[in-house]
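Let us look at how aromatic rings and charged side chains are placed relative to one another in the structure below.

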Amino acid sequence: MAHWLYKSEPFKWSWDMQVKAGAKGTHWDGVRNHLAKQQLMAMKKGDRGFFYHSNEGKEIVGIVEVIKEAYPDPSDATARFVMVDLKAVRPLKTPVTLAAIKAEPRLHDMALLKYSRLSVQPVTDAEWDIVCAMGGL
């Protein structure tokens, strides 16, 4: 199983909204970056990811799971981009802030710190374990 990080501005799509989508989940659309597209295309059903509130909060607040692999994003007029469907799995007991991630030396290579504008990012197994521990899981 691979791990990912999904960034969303809470005023557009928040963790609470993701939770309210329930078991049927919702699509993760609107990605218009080719590297992020490649990440979406690499995702497999059952992969887990961190749900990160960007701009407001700047913290990892929960875990989501891929429930449908990449398919065409109908909001893309060029028909080049894809989306996946995600469902909420569980909140972190303690949100993990960007400041806490920056302060953890073992996370200095995390994509979140190196590619801050990328909306969908890979997370290594080691990073996953560290952040989960920081979040009380």
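Lys37 lies over the face of Phe81, 5.9 Å from the ring centre, where a charge sits over a ring if NZ of Lys or CZ of Arg is within 6 Å of the ring centre and within 35 degrees of the ring normal. Lys68 is likewise placed over the face of Tyr71, at 4.0 Å from the ring centre. This is a predicted model, in which local features need pLDDT of at least 70 and side-chain atom pairs count only at pLDDT 80 or more, while totals for chains, interfaces and linings use all residues. Residues are numbered from 1 along each chain as its sequence is written, and side-chain values use heavy atoms, with hydrogens and water left out.

Turning to rings that meet other rings, the structure holds 4 aromatic pairs (rings of Phe, Tyr and Trp, the last by its six-membered ring, with centres within 6.5 Å; planes under 30 degrees apart are stacked, over 60 edge-to-face and the rest tilted). One of them joins Tyr6 and Trp28 edge-to-face, at 5.4 Å centre to centre and 65 degrees between the planes. Because Tyr6 lies in strand S1 (residues 3-8) and Trp28 in strand S2 (residues 26-28), this pair ties together parts that are 22 residues apart in sequence; helices (H or I, at least four residues) and strands (E, at least two) are DSSP runs, numbered from the N terminus. Both Tyr6 and Trp28 are buried, meaning under 20% relative accessible area, with exposed over 50% and partly exposed in between (1.4 Å probe, protein chains only).

Phe50 and Trp128 form a stacked pair, 4.1 Å centre to centre with 20 degrees between the planes.
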